[in-house]
Amino acid sequence: MRSIWRTLDRGVLTGIAAICLAVAMIGVSYGATAVTAGFPTWLPMLMSVAVVAGGSEFVFLGILTAGGSLVAAVLAGLLVNARHLPYGLSVPDVVGTGWRRLLGTHVMNDESVAMALAQPDRPRRRAAYWLCGLAVLAAWPLGAAVGAVLGSVVPNPNAFGLDAVFPAVLISLVLPALRDPLTRTAALAGAAVAAIATPFLGAGLPVLLALTAVLLVVRRAGSATTAAGDATSLADNREPNAVTAESVAVTTTANAAA
């Protein structure tokens with residue numbers, strides 16, 4: 001730990017401290033809302049230590065609160081946590097080896113990966129990853145514990161607007177990704193499917209069904225991109241004038257299909 005402090009500069013340390021403060025505050029809301037929704041005090045505390053993934057924990061408890069099945073809640077939580085797969089591929093050199101890899105993957109989260117990728121070299125990436133990951137591992141359960149205790153003491157925490165925490169946090173997680181046109185299209189398609197299915201299916205199932213629409217949009221866009229790439233490669237072997245005309249035609253068709 002001493003070498004980590006020496007490796008990172010004050011700006012990175014300040015950034016990690018700010019991240020932990022924000023994580024703890026969200027944890028307070030998470031714990032309080034979980035308890036006031038009827039869950040036992042120990043559940044948000046246990047999940048905050050065992051899962052360490054705020055987005056999936058919010059989704060899991062939100063589906064159960066709405067009356068959804070445990071299976072649907074677990075599957076939806078795993079779906080949200082699927083983003084950790086590319087995370088692992090992006091920082092394989094800082095997670096560690098042997099038994100350290102188990103702990104390293106456990107503390108992997110949005111914040112620790114982002115802090116690691118922002119560093120210019122491997123020693124700083126590793127230091128930022130571990131310090132941020134371990135700090136979040138402490139801040140998130142601490143905030144959840146404080147929130148769970150407050151939720152069991154305060155008669156009506158929803159009077160402070162804590163009932164809006166679930167949708168507010170989920171929206172904040174989604175909004176940055178919607179800048180990408182493909183992501184925006186996939187999200188709108190999934191939302192439409194979920195909205196149509198909600199009156200007919202139990203809580204949690206419309207979210208899982210919405211994944212089919214998202215996959216179709218992504219697959220269609222991928223097929224169009226592949227077709228455009230193949231046409232461009234073929235055109236490279238032909239006459240320049242013919243190349244230009246055919247490339248424009250194929251690209252236009254691909255864009256229309258997308």
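# Salt bridges, cores and cysteines in a predicted helical model

R124 forms a salt bridge with D121, and the closest N and O atoms of this pair are 3.5 Å apart. The structure in which the pair occurs is a predicted model, and it holds three salt bridges in total. The points below take up these charged pairs, then the nonpolar cores, a nonpolar surface patch and the cysteines.

**Salt bridges**

- Both partners of the pair described above are partly exposed, since R124 has a relative accessibility of 35% and D121 has one of 28%.
- D93 and R122 also meet through their side chains in a salt bridge, with an N to O distance of 4.0 Å; because D93 lies in the loop between α6 (84-90) and α7 (99-106) while R122 belongs to helix α9, this pair ties together parts that are 29 residues apart in sequence.
- A salt bridge also joins D93 to R125, where the closest N and O atoms are 3.0 Å apart; here the loop between α6 and α7 is again tied to helix α9, so that parts 32 residues apart in sequence are brought together by the pair.
- D93, R122 and R125 are accordingly linked in a network of salt bridges.
- Each member of this network counts as partly exposed: D93 has a relative accessible area of 24%, R122 has one of 41%, and R125 stands at 21% relative accessibility.
- As a general background to such pairs, side chains of opposite charge can pair when their charged atoms come close.

**Nonpolar cores**

- The largest nonpolar core has 28 residues, and those with the most contacts inside it are L8, I16, Y30, L61 and M115.
- Several helices contribute to this core, with at least two residues supplied by each of α2 (10-36), α3 (42-50), α4 (54-65), α5 (70-81) and α9 (122-153).
- A second core, separate from the largest one, consists of nine residues, among them V95, V107, A116 and W130.
- If residues up to four places away in sequence are left out of the count, M115 touches V12, I16, I19, A128 and C132.
- In soluble globular proteins, nonpolar side chains tend to be buried together.

**Nonpolar surface patch**

- On the surface, L70, V71, V74, L75 and L78 form a nonpolar patch, and together these residues have about 460 Å² of accessible area.
- V71, one of the residues of this patch, has its place in helix α5 and is exposed, with a relative accessible area of 57%.

**Cysteines**

- A search of the whole structure finds zero disulfides.
- C20 is in no disulfide, and the nearest cysteine sulfur to its own is that of C132, at a distance of 5.9 Å; a disulfide would require the two sulfur atoms to be within 2.5 Å, so this pair does not qualify.
- C132 is likewise in no disulfide, its nearest cysteine sulfur being that of C20, 5.9 Å away.
- C20 counts as buried at 14% relative accessibility, and C132 is also buried, with a relative accessible area of 0%.
- C132 is, in addition, one of the residues that M115 touches.

Definitions and conventions:
Residues are numbered from 1 along each chain as its sequence is written. This is a predicted model: local features need pLDDT of at least 70, side-chain atom pairs count only at pLDDT 80 or more; totals for chains, interfaces and linings use all residues. Side-chain values use heavy atoms; hydrogens and water are left out. A nonpolar core is a set of buried Ala, Val, Leu, Ile, Met, Phe, Trp, Tyr and Cys residues joined through side-chain atoms within 4.5 Å. Buried means under 20% relative accessible area, exposed over 50%, partly exposed in between (1.4 Å probe, protein chains only). Helices (H or I, at least four residues) and strands (E, at least two) are DSSP runs, numbered from the N terminus. Contact means heavy atoms within 4.5 Å. Patches are made of residues with over 30% relative accessible area and no salt bridge: like charges are joined within 9 Å, nonpolar side chains (Val, Leu, Ile, Met, Phe, Trp, Tyr) within 5 Å. Accessible areas come from the Shrake-Rupley method with a 1.4 Å probe; for residues, only the protein chains shown count as cover.
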